[in-house]
Amino acid sequence: MSYLDELRKQNPLTICITNDVVKNFTANGLLALGASPAMSEYQKDLEDFLPSASGLLINIGTLSDKTWQLYKDALDIAEKNGVPTVLDPVAAGVGPYRKRVANDLIEHHKISLIRGNAGEIAALIGEDVASKGVDSADVANIGQLALKANKQLKLPIVITGKTDAIAVNGHVKLLHNGSSLMPLVTGTGCLLGAVLAAFIGIAGDDLFSCLEEAMSVYNIAGEIAEKNSGIGLPGSFQVAFVDALHQISNDDVEKMKKVEDYCE
């Protein structure tokens, strides 16, 4: 089964409660890939939108007591309607407030997947990885961190960095695709959370394979964009990346993906 083809066929409605900096880029990226974005941020509106949605992203980038309650309300509505959810615990490693918000959402609401960088995921399980704002240092063994988080939080985990890791039910894969220009464009990580929310709605019984394909599609689109932009600058790359999400094919993914199983 091609999850990419299925996504483009179904055009899944993906609700994104995300940070203010990235809303336009996130919506355009989802549209280019083949999903249907909606940036609803009002409880009564969510009551109307979520019953028809295939996925919900909660990105805590623009955080306040008001948005904290919005996240909780949205997750409750999603659970009531059986909508899978992605949590992006932005900058959870920076300080106690963000960590408290992320832990509250994990402990008291139904989350389908957590996506974050090494510092964010480490913070959620009491590990210490250097973080600066929304950025994180890489870790020596990202597979080990993903596995530990998967076991401790009892949730599927995606960790992004120079190497990415997926951990589901105690199984881990490492992914080695991507472009060095991706971190230079604000919102590439945030858009990834939305893309994962679009994909998990069509995952069926094999979330692990769906996440592997989703991550490969996204990162290989980054490689294609770097090549197509030609000049290696982030402004040109951003436009080329949206184009690449629209143009990427299953053949591209099969030819270019670099995935390996992780063993302790």
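This is a short talk on one chain, from its overall dimensions down to two residues, Asp88 and Lys110.

Before anything else, note that the model is predicted.

I'll start with the whole chain. It has 264 residues, and its radius of gyration is 17 Å. A compact globule of that length would come out near 18 Å, so the chain agrees with the rule. Along the principal axes, the C-alpha atoms occupy a box of roughly 45 × 40 × 35 Å. The secondary structure comes to 11 helices and 11 strands.

How much of the chain is buried? The share is 56% of the 264 residues. On the outside, the exposed area is about 11,500 Å², and 48% of that is supplied by carbon and sulfur atoms. As for contacts, take those between residues at least 6 apart in sequence: 71% of them join residues at least 24 apart.

Next, charge. There are 33 negative side chains and 22 positive ones. The centres of these two sets lie 3 Å apart.

Now to one strand, β4, which covers residues 85-88. Which of its faces are covered? Both are. Thr85 and Leu87 are buried on one side, and Val86 and Asp88 are buried on the other. Strand β4 pairs with β3, residues 55-59, in the parallel sense, and the pairing runs over four bridges. Within that pair, Asn59 is the residue opposite Asp88.

Asp88 deserves a closer look. Its relative accessibility is 1%, and the cut-off for buried is under 20%, so Asp88 counts as buried. What does Asp88 contact, leaving aside neighbours within four places in sequence? On the β3 side there are Leu57, Ile58 and Asn59, and the list goes on with Ile60, Arg115, Glu120, Gly189 and Cys190.

For the opposite case, take Lys110. This residue sits in the loop between α5, residues 96-108, and β5, residues 113-117. Is Lys110 buried or exposed? Its relative accessibility is 54%, and exposed means over 50%, so Lys110 counts as exposed.

Lys110 still has contacts beyond its own stretch of sequence. Not counting residues up to four places away, Lys110 touches Leu75, Glu79 and Thr85. Thr85 is one of the buried residues of β4 just mentioned. There is also Asp76, which lies 34 residues from Lys110 in sequence, with a C-alpha to C-alpha distance of 7.9 Å.

To recap the two residues: Asp88 is buried at 1%, and Lys110 is exposed at 54%.

Conventions. Residues are numbered from 1 along each chain as its sequence is written. This is a predicted model: local features need pLDDT of at least 70, side-chain atom pairs count only at pLDDT 80 or more; totals for chains, interfaces and linings use all residues. Side-chain values use heavy atoms; hydrogens and water are left out. The radius of gyration is taken over C-alpha atoms; the globule rule is 2.2 Å times the number of residues to the power 0.38. Buried means under 20% relative accessible area, exposed over 50%, partly exposed in between (1.4 Å probe, protein chains only). Contact means heavy atoms within 4.5 Å. Accessible areas come from the Shrake-Rupley method with a 1.4 Å probe; for residues, only the protein chains shown count as cover. Lys and Arg count as positive and Asp and Glu as negative; His and the chain ends are not counted. The place of a charge is taken as NZ of Lys, CZ of Arg, CG of Asp or CD of Glu. Two strands pair if DSSP finds at least two bridges between them.
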